Amino acid sequence: MNILITLAVAAGGMAVLWAFQSVMLALAGRPQTWPLQFEADRPLLKATSRIIVHSEWLIILIGTPLALGIRPLDALAQAFRLPVPWRAMGVAFLVVFVPICLVYAAYLALGWAKWAPQHDAARRHAKLFRRFLPGPIPLATFEEGVFRGLILEQLLRSLPQTALFAGLAVVASSAVFASIHFIKPPKGKPIRLFAWGYFIVGCLFGFAYLKGGRTLWLPIVVHATCVFCIEVARLYVVFQKPRWLMGHIESPQSGVVGSALVLAMAVALAALV
């Protein structure tokens with residue numbers, strides 16, 4: 001029932017934001033279309049796309065607890081229970097950051113990837129700066145709040161309290177996490193490869209949620225670190241080997257090597273956190 005309430009809040013929020021989108025498209029002289037199905041090729045439309053996405057996260061994160069009769073601040077306190085697990089967060093960061101760096105270094109050493117800085121220097125430096133500030137933490141916080149803090153948590157509460165059903169809840173929430181990235185399908189990119197990549201990291205984030213005592217501290221660290229490493233590497237590295245092996249530069253976890261790395265991160269989290 002709670003999952004249906006979450007979906008209803010999400011649908012209501014998107015209906016409101018669709019109206020906002022319609023106004024902005026009219027101002028831009030563009031034809032009307034379904035939510036987020038427009039080309040964000042102008043500053044006004046890029047801003048519109050960002051506002052819709054981030055506003056929808058906020059509507060879900062605030063509206064769902066209210067619809068369930070829970071104060072948003074109480075839900076926030078539950079998701080970020082104190083004390084802050086600094087040691088576990090540090091370990092989670094290293095479990096993700098160090099292996100990814102080592103794998104990219106191995107790719108370069110083996111000739112599987114080449115060092116090829118993208119864009120001109122000024123634009124590249126600006127993009128690199130944005131990787132640090134604000135960085136991936138806001139995105140990771142919104143997405144983890146919705147997909148782990150709400151969807152996975154409600155599934156865990158609805159299903160029998162066993163390891164098997166906890167695993168099924170992680171898989172189901174990860175499937176939702178992967179599918180939501182295709183509301184606006186990526187043009188010219190391998191959708192199946194991307195879907196697999198989103199799904200397996202969703203499982204990793206879900207496992208971090210369970211390992212962290214069903215709080216958001218660990219999944220946010222793991223998620224943000226993954227995004228940071230991938231986005232920085234995209235500015236300097238080009239893959240040279242087939243996608244089935246290395247994945248896509250935007251989704252390296254979708255290849256055989258990256259998938260094995262995600263599994264190894266989960267094992268390391270289980271052993272060290």
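Axes here are lines fitted to C-alpha atoms, for helices over the stretch in contact, and angles run from 0 to 180 degrees between N-to-C directions. With that in hand, let's walk through this predicted model, starting with how its helices pack.

## Helix pairs

Take H4 and H9 to begin with. Helix H4 covers residues 86–110 and helix H9 covers residues 217–234; the two pack at an angle of about 25 degrees, with axes 9 Å apart. That angle makes H4 roughly parallel to H9, since anything under 35 degrees gets that label. The crossing of H4 past H9 is right-handed. On the H4 side, the residues that meet H9 include Ala88, Phe93, Phe97 and Tyr104, and among their partners in H9 are Trp217, Val221, Phe228 and Ala233. Sorted by class, this contact of H4 with H9 has 17 nonpolar residues, one polar and no charged ones.

H4 also packs against H11, at an angle of about 155 degrees and with the axes 10 Å apart. H4 is therefore roughly antiparallel to H11, because the cut-off for that label is over 145 degrees. Here too H4 makes a right-handed crossing. H4 contributes Arg87, Val91, Ala92, Val95, Val96, Pro99, Ile100, Val103 and Tyr107 to this contact, while H11 brings Val257, Leu261, Met265, Ala268, Leu269 and Leu272. The contact of H4 with H11 comes out at 14 nonpolar residues, no polar ones and one charged.

Then there's H2 (residues 43–67) with H6 (residues 137–158), where the angle is about 40 degrees and the axes are 9 Å apart. These two helices are therefore oblique to each other. H2 passes H6 in a left-handed crossing. His54, Trp57, Leu58, Ile60, Leu61 and Thr64 of H2 meet Phe142, Glu143, Gly145, Val146, Phe147 and Leu150 of H6. By class, the H2 and H6 contact splits into eight nonpolar, three polar and one charged.

Here are the three pairs side by side:

| Helix pair | Angle | Axis separation |
|---|---|---|
| H4 and H9 | about 25 degrees | 9 Å |
| H4 and H11 | about 155 degrees | 10 Å |
| H2 and H6 | about 40 degrees | 9 Å |

## Two alanines

Is Ala266 buried or exposed? Ala266 is buried, at a relative accessible area of 19%, and the cut-off for buried is under 20%. Ala266 sits in helix H11, which spans residues 256–272. Setting aside residues up to four places away in sequence, Ala266 touches Leu204 and Phe207. As for Asp74, its C-alpha is 30 Å from that of Ala266, with the two positions 192 residues apart in sequence.

Ala195 belongs to helix H8, residues 191–211. With a relative accessible area of 24%, Ala195 is partly exposed. Beyond its neighbours within four places in sequence, Ala195 is in contact with Ala178 and Phe182. Ala195 and Phe177 are 18 residues apart along the chain, and their C-alpha atoms are separated by 9.4 Å.

## Backbone oddities in the loops

Next, a few spots for anyone checking torsions. Leu82 and Pro83 are joined by a cis peptide bond, with omega about 5 degrees. Pro83 is in the loop between helix H3 (72–79) and H4. Another cis peptide bond links Leu133 to Pro134, again with omega about 5 degrees. Pro134 lies in the loop between helix H5 (121–132) and H6.

Which value does phi of His119 take? Phi is near 65 degrees, a positive value in a residue other than glycine. His119 is located in the loop between strand S1 (113–115) and H5, and counts as partly exposed at 39% relative accessibility. Arg214 also has a positive phi, near 60 degrees, without being a glycine. The loop between H8 and H9 holds Arg214, which is partly exposed with a relative accessible area of 25%.

## Cysteines

How many disulfides does the structure hold? Zero. Why is Cys101 not bonded to Cys229? Their sulfurs are 5.1 Å apart, too far for a bond, and Cys229 has the closest cysteine sulfur to that of Cys101. The cut-off for a disulfide is sulfur atoms within 2.5 Å. Cys203 is in no disulfide either; the nearest cysteine sulfur belongs to Cys226, 13 Å away. Cys101 is partly exposed, with a relative accessible area of 35%.

Conventions. Residues numbered from 1 in each chain as written. Predicted model: local features only at pLDDT ≥ 70, side-chain atom pairs only at ≥ 80, totals over all residues. Heavy atoms only, no water. Buried < 20%, exposed > 50% of the residue type's maximum accessible area, 1.4 Å probe, protein only. Helix = DSSP H or I, 4+ residues; strand = E, 2+ residues; numbered from the N terminus. Contact = heavy atoms within 4.5 Å. Parallel < 35°, antiparallel > 145°, perpendicular 65-115°, else oblique. Left-handed = near helix turned anticlockwise from the far one by under 90°. Nonpolar A, V, L, I, M, F, W, Y, C, P; charged D, E, K, R; others polar.
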